[in-house]
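Let's take a walk through this protein together, one region at a time. Keep the sequence and the 3D view open as you read.

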Amino acid sequence: MPMSAPLIPPLAPGLPPAPMAPHKERLLWLVAIAFFLQSLDATILNIALPSMAKSLGQSPLKMQSVIVAYSLTTAMLIPASGWIADRFGTRRVFMWAIALFVLGSVLCALSHSLGFLIAARVVQGVGGAMMLPVGRLAVLRSHPKGDFIRAMSFIAIPGQIGPLLGPTLGGWLVEVATWNWIFWINVPVGLFGVWAARRWMPETTWSVPRKFDGLGYALLSFGMVAISVALDGMSGMGLGMAMVVVLMVFGLASLASYWMHALRVPEPLFPPMLFRVRSLRVGLLGNLFARFGTGAAPFLIPLLLQVGLGMPPMDAGMMMLATVMGSMLVKRFAVQTVQYFGYRRVLQVNSVMVALMLASFALTSASQPPWMLLLQLFVFGGFNSMQFSAMNSVTLKDLDGEFASSGNSLLSMVQMLAMGIGVALAGALLSGYADRWITDPDKSLRAIHATFLTVALMTLAATLVFSQLDKDEPVKPAPDGGDA
């Protein structure tokens, strides 16, 4: 969308312009490896959660802490990733990020208790906090604004190999071996990623490094951790209601203090000038509210298939492929759809469709024909993919120069925080609904159904946010089918 006047000032004389990567295509494939690592790990983990719960003596409806630990660690460290990349260079940071992710995977594979597994997921989160944001930052700096959505779509398609392999491979490993093996497969991929980063990742640093806002980082991190732990505590983590309320109050106070701090210091963690960009403001809030619901789906769907409908892990993994296929199909025409209809219309309509598809999972039953469930998963995957593509690109499309790093890190932080909160809320809802129907023999299925309905309502809130986007004119495709 053209702007009448630039909302972001030009680069200061002491700062270099955004460098152009000498091998753009190789860079895109390299960042796709990072997408592959994380998507493979997440999809395998989700399908294996019920088996992991059984092995560790836990309830499958209360395993969300394994996911929340990773998401929260990632969200907490992402704000520092842009500064670290600017200070130490994208190549070096990207290599160490992949190495830490691999180390965390090894520790997860060696876990014999839930506590150790959660700690190992924290180590993974440290690597993940820098892996994707730094990779996306390198792409953002090496591609013109008009090509950014195409570049991100290109990265996402090879990255879909992870979700394509994850459910079936995870289900197969759980059935023929043990769940520990789902983490060992990250090791060879990660080692290749380290080698490829050394060869292909451009080394970029700022000539005048920014001062790091340590106090702002502490306030922001504590606020995120306190709120997330409070929400996770509502699902029976052992925290009393009084402690949950105290953590929530202090978390909100810490976030409010950060905002006041950012307004008065010369170099805050996230410059308030960022929020003068309307597309960034709306995109961040939309991401937050939309992912409260959609972020819970990868956690809830495997539970629905295995715990609610009684499918074996391998069968559940095969069913999950429908979601991946729908996502991959939509990725191929996401750019044209947004260009034709505009961001606001696409995101408003698509948010409603995602909510309706989440609500449709509350109607599933063991007697339902398999083809109908496959169709539900396929359609949901398509709308979910369109949502992510449009949300991410509208948030970053108007950022340039020195604000690219901060904006990119802020988006990544909001994504991971929203996903963690979504999973924590889903865990709390599952626990509460299961306790309500504790005498019902089908309490697990009823609790899962009720949770899907609730997260669907939460997703609808994003429609109100996206209605605040400026109306952008559709771009008609050229007669030969290309882009105008």
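## Helix 11, an enclosed helix

Helix 11 is largely enclosed by the rest of the structure, because 12 of its 17 residues are buried. Bear in mind that this is a predicted model. If you would like to find the buried positions, look for S279, L280, V282, G283, L284 and G286, then carry on to N287, A290, R291, F292, G293 and T294.

The length of helix 11 can be checked too. This helix runs over residues 278–294, and at 1.5 Å a residue its 17 residues should span 24 Å. The end C-alpha atoms are 24 Å apart, so the model agrees with the expected value.

## The protein as a whole

Now for a wider view. The protein has 18 helices and 0 strands. Of its 484 residues, 57% are buried. The exposed area comes to about 19,700 Å², with carbon and sulfur atoms supplying 69% of that surface.

How are the contacts spread along the chain? Among contacts between residues at least 6 apart in sequence, 84% join residues at least 24 apart.

## Two nonpolar cores

The largest nonpolar core contains 121 residues. Within this core, the residues with the most contacts are M52, F94, F183, F299, I301 and M413. Helix 1 (residues 24–56) gives the largest share of the core, with 19 residues. There is also a second, separate core of 16 residues, which includes V330, L347, M386 and A390.

F94 is a good residue to click on. Setting aside neighbours within four places in sequence, F94 is in contact with L30, A34, M131, V134, G135, A197 and M201.

## A buried salt bridge

How many salt bridges does the model have? The count comes to 1. R121 pairs with D41, and their closest N and O atoms are 2.8 Å apart. The two partners come from distant parts of the chain: R121 sits in helix 4 (residues 114–142) and D41 in helix 1, 80 residues apart. Are the two residues buried or exposed? Both R121 and D41 are buried.

## Helix 10 and its nonpolar patch

Helix 10 has 24 residues and reaches 35 Å from its first C-alpha to its last, close to the 34 Å expected at 1.5 Å a residue. Its buried residues are V244, L247, G251, S254, Y258, H261 and A262. When you look at that list, it helps to recall that an α-helix has 3.6 residues a turn, so residues three or four places apart point the same way.

On the surface, F222, M241, M243, V245, V246, V249 and F250 form a nonpolar patch. Together these residues have about 680 Å² of accessible area. Where does the largest share of the patch come from? Helix 10 (residues 241–264) provides 6 residues, and V249 is found in this helix.

## Three residues to look at up close

G170 is found in helix 6 (residues 161–176). With a relative accessible area of 0%, G170 is buried. Not counting neighbours within four places in sequence, its contacts are I44, I47, L165 and I182. The C-alpha atoms of G170 and T43 are separated by 7.8 Å, although the two residues lie 127 residues apart along the chain.

Q387 belongs to helix 16 (residues 370–396). Its relative accessibility is 1%, so Q387 counts as buried. Beyond residues up to four places away in sequence, Q387 touches A290, L347, N350, S351, V354 and F466. One of these partners, A290, is also among the buried residues of helix 11, and another, L347, is included in the second core. Q387 and M353 are 34 residues apart in sequence and 9.7 Å apart in space, C-alpha to C-alpha.

L429 is placed in helix 17 (residues 403–436). Leaving aside neighbours within four places in sequence, L429 is in contact with T451, T454 and V455. The C-alpha atoms of L429 and L61 are separated by 9.8 Å, with their positions 368 residues apart along the chain.

## Around the end of helix 14

Helix 14 covers residues 334–341, and A334, V335, T337, V338 and Q339 are buried there. Just after this helix comes G342, which takes a positive phi of about 95 degrees.

Terms used. Residues numbered from 1 in each chain as written. Predicted model: local features only at pLDDT ≥ 70, side-chain atom pairs only at ≥ 80, totals over all residues. Heavy atoms only, no water. Patch = residues over 30% accessible without salt bridge, like charges linked within 9 Å, V, L, I, M, F, W, Y side chains within 5 Å. Areas by Shrake-Rupley, 256 points an atom, 1.4 Å probe, with all protein chains shown as cover. Salt bridge = Lys/Arg side-chain N within 4 Å of Asp/Glu carboxyl O. Helix = DSSP H or I, 4+ residues; strand = E, 2+ residues; numbered from the N terminus. Expected span 1.5 Å × (residues − 1). Buried < 20%, exposed > 50% of the residue type's maximum accessible area, 1.4 Å probe, protein only. Core = buried A, V, L, I, M, F, W, Y, C linked by side-chain atoms within 4.5 Å. Contact = heavy atoms within 4.5 Å.
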